[in-house]
Amino acid sequence: LGAMNALINQIPGPVFGYWGQPACQSADWFTAFGAMLQTALADCAAVSLDPGTTWAELRCLLQQTRGSFRPVTQPRLVHWDLWDGNVFVQAGRISGLIDFERCLWADPLMEVGFRSYNQDPAFLRGYGLTAFDCRQQCRILWYDLYLYLLCAMEGRYRQYPDDGTERWACDHLPQMLERLRHASGLKTR
């Protein structure tokens with residue numbers, strides 16, 4: 001799966017961000033990602049979900065870690081949802097990948113296989129990236145936070161029958177915010 005994901009990420013794009021959301025697109029990744037974060041927080045507010053942070057705080061943290069985003073200069077196709085449920089296996093081999101609706105042009109480190117809480121060494125070896133520098137580690141934390149924000153609100157929008165995903169994400173948001181505060185050099189609350 002790591003090797004297949006690496007092939008997907010080789011496809012270059014015209015602009016960073018979500019294809020169908022011009023407000024979340026930019027020629028530079030830092031700006032596009034900031035717009036995506038701001039939109040996620042607005043979506044949380046629209047369903048009365050308190051993520052434990054504000055756009056003002058996240059914007060400040062982003063500015064403090066801006067240098068971590070500078071190496072990302074080429075938009076790449078990112079599937080962003082290659083968890084086990086979206087991978088078909090037949091006779092011990094991957095036979096198909098589904099759920100491309102979350103694809104975007106982004107930093108390949110957004111891929112699910114790079115989440116800090118669930119990195120699989122076999123995925124990383126297959127991808128060809130088994131160690132991360134401090135800038136990559138910082139971006140991975142940002143992408144973790146973004147995923148937690150989306151997971152926290154997804155059930156409310158999709159009207160899930162239970163709030164398990166929301167509780168899981170909301171339980172992890174405070175710790176992730178602390179890790180980003182630490183990475184940015186800002187004092188913890």
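**Backbone outliers, helix α5, core packing and aromatic pairs**

In the predicted model, Asp99 is found in the loop between β5 (93–97) and β6. The phi angle of Asp99 is near 65°, a positive value in a residue other than glycine. Most residues other than glycine have a negative phi. With a relative accessible area of 32%, Asp99 is partly exposed, since the buried class ends at 20% and the exposed class begins over 50%. A positive phi is also found at Gln159, which is not a glycine and has a value of about 55°. Gln159 lies in the loop between α5 and α6 and, at 67% relative accessibility, counts as exposed.

Gln159 follows helix α5. For the 25 residues of α5, a rise of 1.5 Å a residue gives an expected span of 36 Å, and the end C-alpha atoms are 36 Å apart, which agrees. The helix nevertheless has a bend of about 25° at Ala152. At the start of α5, a side-chain oxygen of Asp133 comes to within 3.0 Å of the backbone nitrogen of Arg135. The helix is mostly covered, with 19 of its 25 residues buried.

The largest nonpolar core comprises 52 residues, and the members that touch the most others are Trp29, Phe33, Leu37, Met110, Trp142, Leu145 and Tyr146. At least two residues of this core come from each of α2 (29–46), α3 (55–64), β6 (104–106), α4 (121–127), α5 (134–158) and α6 (164–184). The greatest contribution is that of α5, which gives 14 residues. In soluble globular proteins, nonpolar side chains tend to be buried together. When neighbours within four places in sequence are left aside, the contacts of Leu37 are with Trp55, Leu58, Leu62, Trp142, Leu145, Tyr146 and Leu149. Apart from the largest core lies another, of six residues, which include Ile8, Leu82, Val87 and Trp105.

Aromatic side chains form 16 pairs in the structure. In one of these, the ring centres of Tyr117 and Trp168 are 5.7 Å apart and the planes stand at 75°, so the pair is edge-to-face. Tyr117 belongs to the loop between β6 and α4 and Trp168 to helix α6, so the pair ties together parts that are 51 residues apart in sequence. Tyr117 is partly exposed, with a relative accessible area of 36%. Trp168 is likewise partly exposed, its relative accessible area being 31%.

Trp168 also forms an aromatic pair with Tyr148, and this pair is edge-to-face, at 5.2 Å centre to centre and 65° between the planes. Here the link between distant parts of the chain runs from Tyr148 in helix α5 to Trp168 in helix α6, 20 residues apart. Tyr148 is buried, with a relative accessible area of 2%, whereas Trp168 is partly exposed.

A single aromatic cluster is formed by Phe16, Trp29, Phe30, Phe33, Phe69, Trp80, Trp142, Tyr143 and Tyr146. Among the cluster members, Trp29, Phe33, Trp142 and Tyr146 are also listed with the residues that touch the most other members of the largest core. Of these, Trp142 and Tyr146 are in contact with Leu37.

Conventions. Residues are numbered from 1 along each chain as its sequence is written. This is a predicted model: local features need pLDDT of at least 70, side-chain atom pairs count only at pLDDT 80 or more; totals for chains, interfaces and linings use all residues. Side-chain values use heavy atoms; hydrogens and water are left out. A nonpolar core is a set of buried Ala, Val, Leu, Ile, Met, Phe, Trp, Tyr and Cys residues joined through side-chain atoms within 4.5 Å. Buried means under 20% relative accessible area, exposed over 50%, partly exposed in between (1.4 Å probe, protein chains only). Helices (H or I, at least four residues) and strands (E, at least two) are DSSP runs, numbered from the N terminus. Contact means heavy atoms within 4.5 Å. Rings of Phe, Tyr and Trp (its six-membered ring) pair if their centres lie within 6.5 Å; planes under 30 degrees apart count as stacked, over 60 as edge-to-face and the rest as tilted. The expected span of a helix is 1.5 Å times one less than its number of residues. The bend at a residue is the angle between axes fitted to the seven residues ending there and the seven starting there. A polar contact is a pair of N or O atoms within 3.5 Å; within protein, one must be able to donate a hydrogen and the other to accept it, and residues adjacent in sequence count only if both atoms are side-chain atoms.
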